[in-house]
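Here is a structure to get to know at your own pace. Take a look, and then we'll walk through some of its details together.

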Amino acid sequence: MNTLEKTSRLSLKLIILITAVSLALLSGIPARGNSGQELEITSSNELTIIPSEKLSAPLFDSTLSISYERGIFQFKSETDFDLEGYNEQGLEFELKFGALEGEIDLEFEDEKLLDTWESSIELDLNPQVEAEVVYETDCVSGEGDENPDRELEITVDQEYGEDVSVELSSEFTNEGGSFSLPPDLTEIEFDDIGTGEFVLDSSLELIEMKPVEIEFDLERDEPIPGDPDLEFQVDLTWGISEDFLQIEPEFETEFARLSFETEVDLTSAGFIGGLKVREVNLSDLVLGFLEIDITNDLETGETEVDFQTSQGPTEFDLGWDYNPTKTGSLTGFERWTGEFTWKPLDSTEIVVEMESDSETFPSEITFSSEYSF
């Protein structure tokens, strides 16, 4: 029996297993009961073929997701299979009780029973203050001097007035069996600060309580005189140890969105002389039945073009990258991708993806399907 035949039989066995488990669950638990319980099952399968590697087995991945909710309790499970069988699984338990919300996430892998687990508690202290504590650890054997990797994150979000809110988040990691002090990473965020016609969001990032990056996001909250459909915002990021500012202005109209990634050299005497445009993006441009996105990286000379269209239950996406400088040809063809999606029902999705480079057509084909019930 050749490799392809073995792969096909094994893939069929996995699909039969997933179907059998799903049918058993459906027959034992009602999908929507009178008591308010809700069960949702999703089965997804993906098969990837690489034509240039004729002797290699196709790549297969299958996932069975189960979500069950009843009252204050919610359970989620996601099991992943590959050609060799069971691969990994994730379990999530969530409990909501008034102002208190708790969650436990477990991750299992094939080589050991339990790989990592994460627990979190969210608490609404009052209408203006929310707090969250997240603890995550992996599960190692504990042999020798090896200690499990652990992480603790504490977040407090407080509102001031009707709009302004301040969020403080700190992350601690284990060092020699104990948590680091001061915290490895701290972020302070100020949101929805009104400044006349604009709204300002800002954040400060600190590593071991030393400031390393500050960011401002300024968005016009009022229509621009003469063009009420034009929206404007700008993001400014400064790494405190760096000698340049990263500025990303964005303009949005009823026709498209135009944005830039630029740098301003702080050591330059003049603003214009120190301005460097790194990337230009034109997105959400609608021409007839097509939606077009174009990205031009001015540093590498690469341009990405993406076309999308949808008609009823079908959707088609075609994109290509070209770079005349890199390829040395007028066409500059470097890579293209195509994706066809068909949704015959709200619960069913079938996708075919193809990818090609400048030498191989196609270099990769992927078939995937998803069914929810």
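## A hairpin to start with

Let's begin with strands E3 and E4, which make a hairpin with two residues between them. Keep in mind as you look that this is a predicted model. The two strands run antiparallel and are held in register by 10 bridges. If you'd like one pair to find on screen, go to Thr79, whose bridge partner in E4 is Gln89.

E3 has a partner on the other side of the sequence too. Strand E2 (residues 59-70) pairs with strand E3 (residues 73-82), again in the antiparallel sense, this time over nine bridges. Here a pair to look for is Ser62 with its bridge partner in E3, Phe81. E2 and E3 also form a hairpin with two residues between the strands, and in that hairpin Gly71 takes a positive phi near 65 degrees.

## The whole chain

Now zoom out. How many helices and strands does the protein chain have? There are two helices and 23 strands. The chain has 373 residues, and buried ones make up 27% of them.

What about the outside? The accessible surface of the chain comes to about 23300 Å², and carbon and sulfur atoms account for 55% of that. As for contacts, take those with a separation of 6 or more: 24% of them join residues 24 or more positions apart.

## A nonpolar patch

Back to the hairpins for a moment. Ile72, Phe73, Phe93, Leu95, Phe97 and Ile104 form a nonpolar patch on the surface, and together they have about 560 Å² of accessible area. Which strand gives the most to this patch? That would be strand E4 (residues 85-97), with three residues.

Phe93 is a handy example, since this patch member is found in strand E4. Phe93 counts as partly exposed because its relative accessibility is 32%.

In a regular strand, side chains alternate between the two faces of the sheet. That's a useful thought to carry along while you look at the next pair.

## Salt bridges

The structure holds 10 salt bridges. As a reminder, side chains of opposite charge can pair when their charged atoms come close. One such pair is Glu94 and Lys96, whose side chains meet at 3.7 Å, N to O. Is Glu94 buried or exposed? Glu94 counts as buried because its relative accessibility is 10%, while Lys96, at 43%, counts as partly exposed.

Another salt bridge links Arg278 and Glu299, with the closest N and O atoms 3.4 Å apart. Arg278 lies in strand E17 (residues 275-287) and Glu299 in the loop between strand E18 (290-297) and strand E19 (303-311), so this pair ties together parts that are 21 residues apart in sequence. Arg278 is partly exposed at 27% relative accessibility, and Glu299 is partly exposed as well, at 42%.

Glu349 and Lys343 make a salt bridge too, at 3.5 Å from N to O. Both count as partly exposed: Glu349 has a relative accessible area of 27%, and Lys343 is at 44% relative accessibility. Elsewhere, salt bridges that share partners join Glu250, Glu252, Arg257 and Asp284 into one network.

## Two loop residues

Two residues in loops are worth a visit. The first stop is Asn323, in the loop between strand E20 (314-322) and helix H2 (324-327). Is Asn323 buried or exposed? With a relative accessible area of 3%, Asn323 is buried, because buried means under 20%. What does its side chain reach? The side chain of Asn323 reaches the backbone oxygen of Thr300 at 3.0 Å.

The other stop is Ser358, in the loop between strand E22 (348-357) and strand E23 (364-372). Setting aside its neighbours within four places in sequence, Ser358 is in contact with Phe333 and Glu334. Ser358 and Phe333 are 25 residues apart in sequence, yet their C-alpha atoms are 6.3 Å apart in space.

Methods
Residues are numbered from 1 along each chain as its sequence is written. This is a predicted model: local features need pLDDT of at least 70, side-chain atom pairs count only at pLDDT 80 or more; totals for chains, interfaces and linings use all residues. Side-chain values use heavy atoms; hydrogens and water are left out. Patches are made of residues with over 30% relative accessible area and no salt bridge: like charges are joined within 9 Å, nonpolar side chains (Val, Leu, Ile, Met, Phe, Trp, Tyr) within 5 Å. Accessible areas come from the Shrake-Rupley method with a 1.4 Å probe; for residues, only the protein chains shown count as cover. A salt bridge is a side-chain nitrogen of Lys or Arg within 4 Å of a carboxyl oxygen of Asp or Glu. Helices (H or I, at least four residues) and strands (E, at least two) are DSSP runs, numbered from the N terminus. Buried means under 20% relative accessible area, exposed over 50%, partly exposed in between (1.4 Å probe, protein chains only). Contact means heavy atoms within 4.5 Å. A polar contact is a pair of N or O atoms within 3.5 Å; within protein, one must be able to donate a hydrogen and the other to accept it, and residues adjacent in sequence count only if both atoms are side-chain atoms. Two strands pair if DSSP finds at least two bridges between them.
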